[in-house]
Amino acid sequence: MSIFVLVEHRQGEIRDITFEMLSKCKEISKDINVKTTAVLLGNDVEQFLDPLKGYADTIVCCRDEKLEYFNSRTYQMVLSHLINENKPLLTLIGHTSYGIDLAPGLAIKLQIPLATDCADFSVEDDQLRIVRQMYGGKVNARATLKKAESYLITIRPASFEAKEPETKDSEVINLESSLKEEPIDKRFIKYVEPEVSDVDITASDILVSIGRGIKEDKNIPIIEELTTALGGVISCSRPIVDKGWLDKGRQVGTSGKTVKPKLYLALGISGAFQHIAGMKDSDLVIAINKDANAPIFGVADFGIVDDLFKVVPELSQKIKEMKGA
Ligand SMILES: Cc1cc2nc3c(=O)[nH]c(=O)nc-3n(C[C@H](O)[C@H](O)[C@H](O)COP(=O)(O)OP(=O)(O)OC[C@H]3O[C@@H](n4cnc5c(N)ncnc54)[C@H](O)[C@@H]3O)c2cc1C
């Protein structure tokens, strides 16, 4: 039995989701007899081989200048050919902007079942069981897919831990590209870097991160006081950027930045998976939230279930006292 994992890379870097999916496959291969194949599409793919070695039994490479940049149409053409030829039981694709664009069309082309945004999966008696989250991560829904020859699923980022492989053993197979021509309806035009921010939140050891619980931008000075007392930097969840209260460079998450500070203070942030994916590797996470069931407490080392407007001023005061200010 084989599982295909699509390698996601952008601007010369393999995205974390790839190693997360491959590590999960390695884990399940201890219980069931399964061989993992990392499917690497691109042009200058040589650079990605070494980091991938050991994560999969086989790395299948398909080099083509038409695959230099991600395009769901070209990826669909190559992958459908590869999946049809090899019939893996399962193909895993990240539930990222790439995967969301690619997976539905690919499943339709192949006429195979698709489950999106899965937080976990298992294979029992050649049948696929998946876990998806509902209600902002408060409920886990389990489903068993109808028996099929091959399945396709997209995996939510940060659902699995990426673990360093014990060996660097992987067989590398080079395949000839099956791409004949470039699609005419969808072309890569240019890669646009996001705006550069005035601060680099990835460089700070202490991040005080705010979410919609802050209610109004006029409340930000309360947070600034705490941030100054701690000697940190303010970061935020996406709605704060969408409202224009802080700039995009301060956003943590899948469509923002990935941060790993020594201390991550989450204030009025619910902990949607898109946010958690960007901060889960922080050394110490402390969350303050009124809702004891908020998913952020699932990744917090310490949690305070209370009104942030009550806790934050007291915390600022205490820290100032401790620092003798
Ligand atoms: C494609 C896509 C990409 C995305 N990318 C990102 C991303 O990169 N980063 C990101 O953050 N989000 C991202 N999102 C949005 C994400 O799904 C959530 O909507 C968002 O993270 C929620 O932000 P929040 O926690 O600030 O707000 P909410 O989910 O509204 O949570 C507010 C929290 O504040 C608490 N609260 C309210 N008042 C108080 C109070 N007085 N004291 C204490 N607690 C209080 C509430 O209990 C609640 O838990 C993305 C969404 C999509 C679809």
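Guide: Let's start with handedness: a helix crossing is left-handed if the near helix is turned anticlockwise from the far one by less than a right angle, and right-handed if clockwise. Keep in mind that this is a predicted model.

Visitor: Okay, so which hand does the crossing of α3 and α4 have?

Guide: That pair crosses with a right-handed sense. You'll find α3 at residues 72–86 and α4 at residues 97–110; their axes come within 9 Å and cross at roughly 45°. The pair is therefore called oblique, since roughly parallel is kept for angles under 35 degrees.

Visitor: And how do I read α5 against α8: what is the angle between their axes?

Guide: Roughly 30°, with the axes of α5 (residues 220–230) and α8 again coming within 9 Å. So α5 counts as roughly parallel to α8. Look at the hand, too: the crossing of α5 and α8 is left-handed.

Visitor: Moving on to the ligand, how many residues surround it?

Guide: There are 26 in the shell, and the closest are R212, S237, S255, S270 and N289. Sorted by character, the shell has 13 polar residues, 7 charged and 6 nonpolar.

Visitor: Which helices each supply at least two residues of that shell?

Guide: Three do: α6 (238–242), α7 (273–276) and α8 (308–323). That last one is the α8 whose axis crosses that of α5.

Visitor: What polar atoms sit opposite the ligand's nitrogens?

Guide: Check whether the partner is side chain or backbone. At S255 it's an N or O atom of the side chain, 2.6 Å from a ligand nitrogen. L308 uses a polar backbone atom instead, with a ligand nitrogen 2.8 Å away. K290 also works through its backbone, where an N or O atom lies 3.1 Å from a nitrogen of the ligand. As for cover, the ligand on its own exposes 990 Å², and the protein buries 76% of that.

Visitor: One last stop: where does S177 lie?

Guide: In the loop that runs between β11 (171–175) and β12 (206–210). Trace its side chain and you'll meet the side chain of D64, joined to that of S177 by a polar contact of 2.5 Å. A polar atom of the S177 side chain is also 3.0 Å from the backbone nitrogen of L179.

Notes
Residues numbered from 1 in each chain as written. Predicted model: local features only at pLDDT ≥ 70, side-chain atom pairs only at ≥ 80, totals over all residues. Heavy atoms only, no water. Near = heavy atom within 4 Å. Polar contact = N/O pair within 3.5 Å; in protein donor to acceptor, adjacent residues only side chain to side chain. Areas by Shrake-Rupley, 256 points an atom, 1.4 Å probe, with all protein chains shown as cover. Helix = DSSP H or I, 4+ residues; strand = E, 2+ residues; numbered from the N terminus. Nonpolar A, V, L, I, M, F, W, Y, C, P; charged D, E, K, R; others polar. Axes fitted to C-alpha atoms, helices over the stretch in contact; angles between N-to-C directions. Parallel < 35°, antiparallel > 145°, perpendicular 65-115°, else oblique.
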